[in-house]
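Trainee: Could you take a close look with me at one part of this model? I would like to see how its pieces fit together, step by step.

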Amino acid sequence: MNEDMVNQPPHYRVGSVECIDAIKAALSREEFKGYLKAAAIKYIWRENHKGCNIEDLQKSVWYLNRLIKELEEQ
């Protein structure tokens with residue numbers, strides 16, 4: 001089985017709950033947007049230091065796309 005480590009990493013799901021959904025439920029709208037920005041920055045920051053350059057940049061894009069989705073829903 002080929003796992004999607006960018007869009008649906010298996011370690012970010014417990015039962016039917018995605019970690020990102022639990023984080024969103026626990027934070028205010030502004031806090032969640034800040035979290036998404038910080039996560040994008042984190043993956044850009046470390047892309048040259050962990051050996052997963054492309055995957056880290058793809059993860060950064062994932063968080064930026066999620067932020068865009070949140071802004072569009074406002």
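**Where the helices meet**

Mentor: Let's begin at one meeting point: Ile 20, Ile 23 and Lys 24 of helix 1 touch Phe 32, Tyr 35 and Leu 36 of helix 2. Sorted by class, this contact of helix 1 with helix 2 has five nonpolar residues, one charged residue and no polar one. Please keep in mind that you are looking at a predicted model.

To find your way around, follow the chain from the N terminus: the elements run β-β-α-α-α. That gives two strands and three helices. We will stay with the helices.

Helix 1 covers residues 19-26, and its axis comes within 8 Å of the axis of helix 2, with a crossing angle of roughly 140 degrees. This angle makes helix 1 oblique to helix 2. An angle has to be over 145 degrees to count as roughly antiparallel.

Now move along to helix 2 (residues 29-46) and helix 3 (residues 53-72), which pack at an angle of about 160 degrees with their axes 8 Å apart. Helix 2 and helix 3 are therefore roughly antiparallel. Their crossing is left-handed. Helix 2 brings many residues to this contact, including Phe 32, Lys 33, Tyr 35, Leu 36, Ala 39, Ala 40, Tyr 43 and Ile 44, while helix 3 brings Asp 56, Leu 57, Tyr 63, Leu 64, Leu 67 and Leu 71, among others. By class, the contact of helix 2 with helix 3 has 12 nonpolar residues, eight charged ones and one polar one. You may recognise Phe 32, Tyr 35 and Leu 36: these residues of helix 2 take part in the contact with helix 1 and in the contact with helix 3.

Let's complete the set with helix 1 and helix 3, whose axes lie 14 Å apart at an angle of about 45 degrees. With that angle, helix 1 is oblique to helix 3. Here the crossing is right-handed. From helix 1, the residues in contact are Ile 20, Asp 21 and Lys 24; from helix 3, they are Trp 62, Tyr 63, Arg 66 and Glu 70. This contact of helix 1 with helix 3 divides into three nonpolar, four charged and no polar residues.

Next, try looking at the aromatic rings. The structure has four aromatic pairs. Take Phe 32 with Tyr 35: the ring centres are 6.3 Å apart and the planes make an angle of 20 degrees, so this pair is stacked. Phe 32 and Tyr 35 sit three residues apart in helix 2, which is about one turn of the helix. Phe 32 is buried, with a relative accessible area of 2%, whereas Tyr 35, at 27%, is partly exposed.

A second stacked pair is Tyr 43 with Tyr 63, with 5.8 Å from centre to centre and 15 degrees between the planes. This pair links distant parts of the chain, since Tyr 43 belongs to helix 2 and Tyr 63 to helix 3, 20 residues apart. Tyr 43 and Tyr 63 are buried. Step back, and you can see a cluster in which ring pairs link Phe 32, Tyr 35, Tyr 43, Trp 62 and Tyr 63.

Two charged residues are worth finding too. Lys 33 lies in helix 2 and is buried, with a relative accessible area of 10%. Beyond residues up to four places away in sequence, Lys 33 touches Leu 67, Leu 71 and Gln 74. Asp 56 lies in helix 3 and counts as buried because its relative accessibility is 0%. Leaving out neighbours within four places in sequence, Asp 56 is in contact with Tyr 43, Arg 46, Glu 47 and Lys 50. Asp 56 also sits 6.8 Å from Ile 44, C-alpha to C-alpha, with their positions 12 residues apart in sequence.

Finally, place this close-up in the whole chain. Of its 74 residues, 26% are buried. Among the contacts with a separation of 6 or more, 56% are between residues 24 or more positions apart.

Note on methods
Residues are numbered from 1 along each chain as its sequence is written. This is a predicted model: local features need pLDDT of at least 70, side-chain atom pairs count only at pLDDT 80 or more; totals for chains, interfaces and linings use all residues. Side-chain values use heavy atoms; hydrogens and water are left out. Axes are lines fitted to C-alpha atoms, for helices over the stretch in contact, and angles run from 0 to 180 degrees between N-to-C directions. Helices (H or I, at least four residues) and strands (E, at least two) are DSSP runs, numbered from the N terminus. Angles under 35 degrees count as roughly parallel, over 145 as roughly antiparallel, 65 to 115 as roughly perpendicular and the rest as oblique. A crossing is left-handed if the near helix is turned anticlockwise from the far one by less than a right angle, and right-handed if clockwise. Contact means heavy atoms within 4.5 Å. Ala, Val, Leu, Ile, Met, Phe, Trp, Tyr, Cys and Pro count as nonpolar, Asp, Glu, Lys and Arg as charged, and the others, Gly among them, as polar. Rings of Phe, Tyr and Trp (its six-membered ring) pair if their centres lie within 6.5 Å; planes under 30 degrees apart count as stacked, over 60 as edge-to-face and the rest as tilted. Buried means under 20% relative accessible area, exposed over 50%, partly exposed in between (1.4 Å probe, protein chains only).
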